[in-house]
Amino acid sequence: MYMNFEDQLRDFSRQVKFKANFGELSPFKNIVISGMGGSGIAGSIFSEIYDKAPVQVVSDYGLPSYADRDTLFVGISYSGNTEETVAATKEAMRRGCQVRLITSGGELSELGAETVVVPKGYQPRAALGYLIKPFLSTFITSDEAQYDRISRLLSDMDTNNSNEKDVAGKIFGRRSIPYVLGYPPFRWVAYRWKTQFNENSKILAFSAYFPELDHNDAIPFKHTYGKENFSFLVFGGSTGQIEKRVRFTSEITSTEYITIQPKGDTVLEKLFYLVHAGDYVSYHLGNMRKIDPEDVSVLTELKERLKS
Ligand code: F6R
């Protein structure tokens, strides 16, 4: 059944209740995750909140040389047909890694590895709940009450996303390029915003994160030409030195931010809240630009041409 794109976004609150995990795992020394774009981001976001073993996310065709029998390899491709992820998965199987896959079908589902099958009918980037939940249930928390709370936060935003629409309106009103500033553990959420602006709003966008950005990006925040062409978005809720950095960077470089304030009590709640806020801001911005937020025909054409 075809779901329009807004309904796909609204489905996030249901997706976080998806009951799936990687099942029984043999001991491993490191985790290598392969995935591109809207699929790979699930692994990247997970990698930032998990610190019990080294995790490397590979957005490429191959695997790091250390990947072997002691590696848990997770291949994520919503379609199951992304050539980089398929190639990396075949290589992981050849090397004897412990393999788990997350996909809705395609070539990946035919490789004979243990697979979490997610529902079809979504844009990969609108299936993040399905793609990330196996990681969270297996490695972060299997307490479903957590996910119920997250789900309520997300559906409140589905009911009222006027704040997100206002943010989109500010970016659009100035015909500006978003520059999203995150901080740990929301660095990859900032990157997710960037990619959502790319795919849903069809605009160039940038992301960076504190404290690292103070060592590079912050310098042109003061001196660059063309600064009037950017909208700087910062995630609120930081504390301690990071909070000071956010404030001092703005003062020293005369940079005004649009602050995105996360709701929620736990890191996971805030993380999902921020992700969904980015979904809506980029979606509204796409509509304001009168382009179809769902359309990714450039990418589809590219994938087709690469097959020949
Ligand atoms: C499209 C999207 C893309 C895809 C990427 C990889 O909505 O988000 O970034 O995620 O092209 O494709 P899959 O996810 O099918 O492996």
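Let's start with the largest pocket, which has a volume of about 1300 Å³. Please keep in mind that this is a predicted model. Of the 44 residues that line this pocket, Met36, Gly37, Thr82, Leu299 and Lys303 are the closest to its centre.

So where does the largest pocket lie? Residues from domain 1 (5-142) and from domain 2 (163-288) both contribute to the lining, so the pocket lies between the two domains. If you want to find the walls on your screen, look at α3, β3 (71-77), α4 (83-94), α8 and α12 (297-307), each of which supplies at least two lining residues. Which of them gives the most? That is α12, with nine residues. As for chemistry, the lining of the largest pocket divides into 16 nonpolar, 17 polar and eleven charged residues.

Two of those wall helices also meet each other. The axes of α3 (residues 37-49) and α8 (residues 187-201) come within 8 Å and cross at roughly 155°. An angle over 145 degrees counts as roughly antiparallel, and α3 and α8 are therefore roughly antiparallel to each other. On the α3 side, the contact is made by Ile41, Ser44, Ile45, Ser47 and Glu48, and on the α8 side by Arg187, Trp188, Tyr191 and Arg192. Sorted by class, the residues of this contact are four nonpolar, two polar and three charged.

Now over to the second largest pocket, with a volume of about 180 Å³. Its lining includes Lys170, Arg174, Lys227 and Glu228, along with Phe230, Ser231 and Phe232. Thr255, Glu256, Tyr257 and Ile258 are also among the lining residues. Strands β8 (230-235) and β9 (257-260) each supply at least two of them, and β8 has the largest share, three residues. By class, we have four nonpolar, two polar and five charged residues here.

Last, a few backbone details for those of you who like to check geometry. Most peptide bonds are trans, and most residues other than glycine have a negative phi. Where do we find cis bonds in this model? One runs from Pro184 to Pro185, with omega near 5°, and Pro185 sits in the loop between β6 (177-182) and α8. Another joins Phe210 and Pro211, with omega about 0°; Pro211 is in the loop between β7 (206-209) and α9 (218-223).

And then there is Arg175, which is not a glycine but has a positive phi, near 45°. You will find Arg175 in the loop between α7 (162-173) and β6.

Terms used:
Residues are numbered from 1 along each chain as its sequence is written. This is a predicted model: local features need pLDDT of at least 70, side-chain atom pairs count only at pLDDT 80 or more; totals for chains, interfaces and linings use all residues. Side-chain values use heavy atoms; hydrogens and water are left out. Axes are lines fitted to C-alpha atoms, for helices over the stretch in contact, and angles run from 0 to 180 degrees between N-to-C directions. Helices (H or I, at least four residues) and strands (E, at least two) are DSSP runs, numbered from the N terminus. Angles under 35 degrees count as roughly parallel, over 145 as roughly antiparallel, 65 to 115 as roughly perpendicular and the rest as oblique. Contact means heavy atoms within 4.5 Å. Ala, Val, Leu, Ile, Met, Phe, Trp, Tyr, Cys and Pro count as nonpolar, Asp, Glu, Lys and Arg as charged, and the others, Gly among them, as polar. On a 1 Å grid over the protein atoms alone, a cavity is a set of points where a 1.4 Å probe fits but cannot get out, and a pocket is an open set with protein on both sides within 12 Å along at least five of seven lines; lining residues have an atom within 4 Å of a point. Grid points are joined across faces, edges and corners, and a volume is the space filled by probe spheres set on the points. Domain bounds come from an automatic or database domain assignment.
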